[in-house]
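Here is a friendly walk through one protein chain, written to be read with the model open beside you. We will go from strands to core to charged side chains.

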Amino acid sequence: MRAHPAGKLGEGATAVTGAGDGRGATVELLGGRHRLPAHPGVVPGAAVSVLLRPHGVHVHPEPATATPWAEVAGDLAVVEDVAYFGDRTEVVIETEHGSLVATSDLDAPLPRAGDTVRVRIDPHRAWVLPLR
C-alpha cells in the first residue's frame, strides 16, 4: 500500500481564481469547485497542484456497481487498498486525478478493495501550489 504523508491531486489542474490576496484560490477538482488555501503565486488560469493530507480526505460508501472502474469521475473513486493501523484505517483510492490516501475513523463503515466511494476533501487541510 502506498501511504504517503501527503497526496498530490489535480496536478495540471487550472486555478479558477487566484490567490494574490494570500488567502486562497478556487480550483476545479473532484467534480466541483473548491475554495482552498493557496500559495500567493497562484494566479487565475495558471496550472496548479493540490496537496492534501490523508486526514483531510474522507470517503463515503456508494451503492455497488457492476463496473466500478467505469465510475471513476468527478467525486467518485474506487478503493485500491485498505490498511488498519490501530488508531485509524488508511484507504488508497483511485480518482480521475490519480491515486490518493484517505484516513477513516474506526467507527466508520470500512470499504473494501474494488468498492466505489464518494470523495470529500476538508478545505482546511489542502494547499494549492503553482506548477513550475
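## A sheet and its charged pairs

Strand β8 is mostly covered, with seven of its seven residues buried. Please keep in mind that this is a predicted model.

Let us stay with β8 for a moment. Strand β7 runs antiparallel to β8, and seven bridges join the two. A hairpin through two residues links β7 to β8. Within this pairing, Glu94 stands opposite Ser99 in β8. Thr103 also belongs to strand β8, and it counts as buried because its relative accessibility is 16%, where buried means under 20%. Setting aside neighbours within four places in sequence, Thr103 is in contact with Pro54, His55, Val57, Arg88, Thr89 and Glu90.

**The sheet around it**

Which strands make up the open sheet, and in what order? There are five strands, in the order β5-β9-β6-β7-β8, with antiparallel pairing. β5 and β8 stand at the edges with a single partner strand each, so one side of each has no neighbour in the sheet. On average, neighbouring strands of this sheet are turned by 45° against each other, direction ignored. As a general point, side chains in a regular strand alternate between the two faces of the sheet.

Strand β6 spans residues 76–84 and includes Ala83. Ala83 is buried, because its relative accessible area is 18% and the limit for buried is under 20%. The C-alpha atom of Ala83 is separated by 9.9 Å from that of Arg112, and the two residues are 29 residues apart along the chain.

**The nonpolar core**

How many residues does the largest nonpolar core have? It has 23 residues, and those with the most contacts inside it are Val50, Leu52, Val57, Ile93 and Val128. The elements giving two or more residues to this core are β2 (25–29), β4 (47–52), β5 (57–61), β6, β7 (89–95), β8 (98–104), β9 (116–121) and β10 (126–130). Such grouping fits a general trend: in soluble globular proteins, nonpolar side chains tend to be buried together.

**A residue with positive phi**

Leu30 deserves a look when you check the backbone. The loop between β2 and β3 (32–36) holds Leu30. Phi of Leu30 is near 50°, a positive value in a residue other than glycine. Most residues other than glycine have a negative phi. Is Leu30 buried or exposed? With 6% relative accessibility, Leu30 counts as buried.

**Charged pairs**

Now to the charged side chains. The structure holds seven salt bridges, and the table gives three of them, with the distance between the closest N and O atoms.

| Residue | Partner | Closest N and O atoms |
|---|---|---|
| Glu62 | Arg118 | 3.0 Å |
| Arg88 | Asp87 | 3.0 Å |
| Arg88 | Glu90 | 3.2 Å |

Take the Glu62 and Arg118 salt bridge, with its closest N and O atoms 3.0 Å apart. Glu62 lies in the loop between β5 and β6 while Arg118 is in strand β9, so the pair ties together parts that are 56 residues apart in sequence. Both residues sit in the middle class of exposure: Glu62 is partly exposed at 26% relative accessibility, and Arg118 is partly exposed at 23%.

What else does Arg118 touch, not counting residues up to four places away in sequence? Besides Glu62, Arg118 touches His58, Val59, His60, Asp75 and Leu76. Arg118 and His58 are 60 residues apart in sequence and 8.2 Å apart in space, C-alpha to C-alpha.

The other two rows share Arg88, which is partly exposed with a relative accessible area of 30%. One of its partners, Asp87, is exposed, because its relative accessible area of 56% is over 50%. Glu90, in contrast, is found in strand β7 and is buried, with a relative accessible area of 8%. The side chains of Glu90 and Arg88 also make a polar contact (3.2 Å). Arg88 and Glu90 form a salt bridge as well. Elsewhere, salt bridges that share partners join Glu62, Asp75, Arg118 and Arg120 into one network.

Methods: Residues numbered from 1 in each chain as written. Predicted model: local features only at pLDDT ≥ 70, side-chain atom pairs only at ≥ 80, totals over all residues. Heavy atoms only, no water. Helix = DSSP H or I, 4+ residues; strand = E, 2+ residues; numbered from the N terminus. Buried < 20%, exposed > 50% of the residue type's maximum accessible area, 1.4 Å probe, protein only. Core = buried A, V, L, I, M, F, W, Y, C linked by side-chain atoms within 4.5 Å. Pairing = 2+ DSSP bridges. Axes fitted to C-alpha atoms, helices over the stretch in contact; angles between N-to-C directions. Polar contact = N/O pair within 3.5 Å; in protein donor to acceptor, adjacent residues only side chain to side chain. Contact = heavy atoms within 4.5 Å. Salt bridge = Lys/Arg side-chain N within 4 Å of Asp/Glu carboxyl O.
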